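Have your viewer ready and the cartoon representation switched on. We will begin with the whole chain and then visit a few local spots.

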Amino acid sequence: MPADPVTVEVVRNALIYTAEEMGVALRNSAYSPNIKERMDHSCALFDAAGRLLAQAEHIPTHLGSLAWGIKNLIAHLQEADLQPGDVWVANDPYLTGTHLNDVTVLEPVFWQGRLLGYSATKAHHVDVGGRVPGSLSMEAADLFEEGVVVPPLPLVRRDKPVEDTWRLILSAVRTPEMTAGDLRAQLAACALGRQRMQDLCARHGRLEDVWERMIAQDAALARRRWSALPPGVFQAEDCLELPEGLAWLRVTVARTDDGVAVDFAGTDPQVRYPLNAVFGVTVAGAVYALKAALAPDLPMSEGVLQGIRVSAPPGCLLNPRRPAPVAVGNTETSQRVADVVLRALARALPGRIPAAGCGSMNNVAMGGVHPQTGRPWAFYETIGGGMGARPGRDGVDGVHVHMTNTMNTPIEAAERELPVLFRRYEFRPGSGGAGRWRGGCGIVRAWTLRAERATVSVLTERTVVPPWGLAGGQPGAVGRHLVIRADGTEEVLPGKGTVELRRGDTLVIQTPGGGGYGDPAERSPELVERDVADGLVERSPPR
């Protein structure tokens, strides 16, 4: 008997809630502030063929690439003799997507002796080895300089830890206790997902027929949404900032008979810097932009993905050849993929697409030796910026935009764990692009080092080319970062690089604002007065 519509909806929503519950379990049991405070993790459920069934509303870069990476992992596990009680781990970005810091943990789910599906988590581990604390460096020449590369390996076999795998991972990182705690948190989240899937089978029987109907329904709904894209070919380009110039991303978006084609032909070749994005990241950025523009309310599943065809020439920035370095491609290039696809969609759907957001995850990775414990410490965070203005509404001030979706690291949590003292954390006045609708303001975040020394990597975008406005709106302000030394001298930092700090030095990060939307001359005087009163813009001098 085919699955009835009520059962399909009950199971669909139970799976979505399970993925959300997995995220809560992962957050609550993690060790690192990056996961337990910022929630830099994602959870999803898959069927036995690796088709996406449900995901939580976590990190777009993780989720879009997870659906791509799980199929790769499953292909590598064909000869692995999977059994109940097994859990596998991998972080090789050319298999799993994203970058080495994002560790994927995958647990097969069995029911009545047969493989039912998979429970999966992906979490950003603060340090995975490599040249610098935090493992993000513009100096990495290839993948192997970015940290330990873990191919698909058993983390647990028949409910027993595989000591060789744990030893391989923990011996390569600067913070093994934190890494072990975060891995155990991922194991707990996967176990919860497995238990909930088995509970569903206990209530409803084997669910393959339900999943087939669920995916078919989602595919039909998505096809109707993709058909809202008008006929034609819509092109756009945008750029990344390299030390010696710009690298260009180019895209063509077109409606097809059953969905949408996104082609990145014409994108610049891969570079020697870690701004290359593995193809899973490229898929994630394109899927995010299309879904946000055309189908924001549809539940995400394999049915939605079926109608999206993404292509990028091998050897280009968005589909590099192994072992090109890719650590920053996951954070920064993913943002530009979303931007360039949205810019193409703005030509296809005028009046529906916002101006560019800050366009960067504004990464700060740091570490050294803790003065109180004498042990290595490492910390990583992304910092929000301005959201682009929207048709009919201002951009949001000081938020994570597009591909990140992480939370803020509370100052109290950072100061408790790290030898730093925060000096500023505030909106950046005047950084939002002018327009009938103003772009969101960026953020100023500054802290002083309280250890003898630390290595800090700042990896950001939109410090040269500002976030673009739309419909006559002005661009947002570019980012600007500096170090104020203990003696009061200031050093302006490049958008990407590593710097050594000593006790008393202060790092100041000023993130970009969002682009404006519409003619600034049409902005309501009441809105101008409100922004001036709130300290978000300065009053224009009289003419």
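Start with everything selected and coloured by secondary structure: the protein chain holds 12 helices and 20 strands. The chain is as compact as a globular protein of that length, because its radius of gyration is 23 Å, close to the 24 Å that the globule rule gives for 543 residues. Please keep in mind throughout that this is a predicted model.

Stay with the full view and turn on the principal axes. Along them, the C-alpha trace spans about 75 × 60 × 40 Å. Now colour by relative accessible area: 59% of the 543 residues count as buried. If you add a surface, its accessible area comes to about 20600 Å², and carbon and sulfur atoms account for 52% of that.

A contact map is a good companion here. Take the contacts between residues at least 6 apart in sequence: 72% of them join residues at least 24 apart. For the charges, select the 56 positive and the 62 negative ones; their mean positions lie 1 Å apart.

Next, select residues 329–348, which is helix H10. How many residues of H10 are buried? The count is 18 of the 20, so the helix is largely enclosed by the rest of the structure. From its first C-alpha to its last, H10 reaches 27 Å, close to the 28 Å expected at 1.5 Å a residue.

Step back along the chain from H10 to Pro323, in the loop that links strand S11 (308–311) to this helix. Show the backbone as sticks and look at the bond between Arg322 and Pro323: the peptide is cis, with omega about 10°. For context, most peptide bonds are trans, and most residues other than glycine have a negative phi.

That second point leads to two more stops. Select Met39, located in the loop between helix H2 (33–36) and strand S1 (41–47). Its phi is near 55°, a positive value in a residue other than glycine.

Then go to Thr98, in the loop between helix H4 (93–96) and strand S4 (102–111). Here phi is also positive, at about 65°, although Thr98 is not a glycine. Is Thr98 buried or exposed? Its relative accessible area is 0%, so Thr98 is buried.

To finish, put Pro323, Met39 and Thr98 into one selection: Pro323 takes part in the cis peptide bond, while Met39 and Thr98 carry the positive phi values.

Definitions and conventions:
Residues are numbered from 1 along each chain as its sequence is written. This is a predicted model: local features need pLDDT of at least 70, side-chain atom pairs count only at pLDDT 80 or more; totals for chains, interfaces and linings use all residues. Side-chain values use heavy atoms; hydrogens and water are left out. Helices (H or I, at least four residues) and strands (E, at least two) are DSSP runs, numbered from the N terminus. Buried means under 20% relative accessible area, exposed over 50%, partly exposed in between (1.4 Å probe, protein chains only). The expected span of a helix is 1.5 Å times one less than its number of residues. The radius of gyration is taken over C-alpha atoms; the globule rule is 2.2 Å times the number of residues to the power 0.38. Contact means heavy atoms within 4.5 Å. Accessible areas come from the Shrake-Rupley method with a 1.4 Å probe; for residues, only the protein chains shown count as cover. Lys and Arg count as positive and Asp and Glu as negative; His and the chain ends are not counted. The place of a charge is taken as NZ of Lys, CZ of Arg, CG of Asp or CD of Glu.
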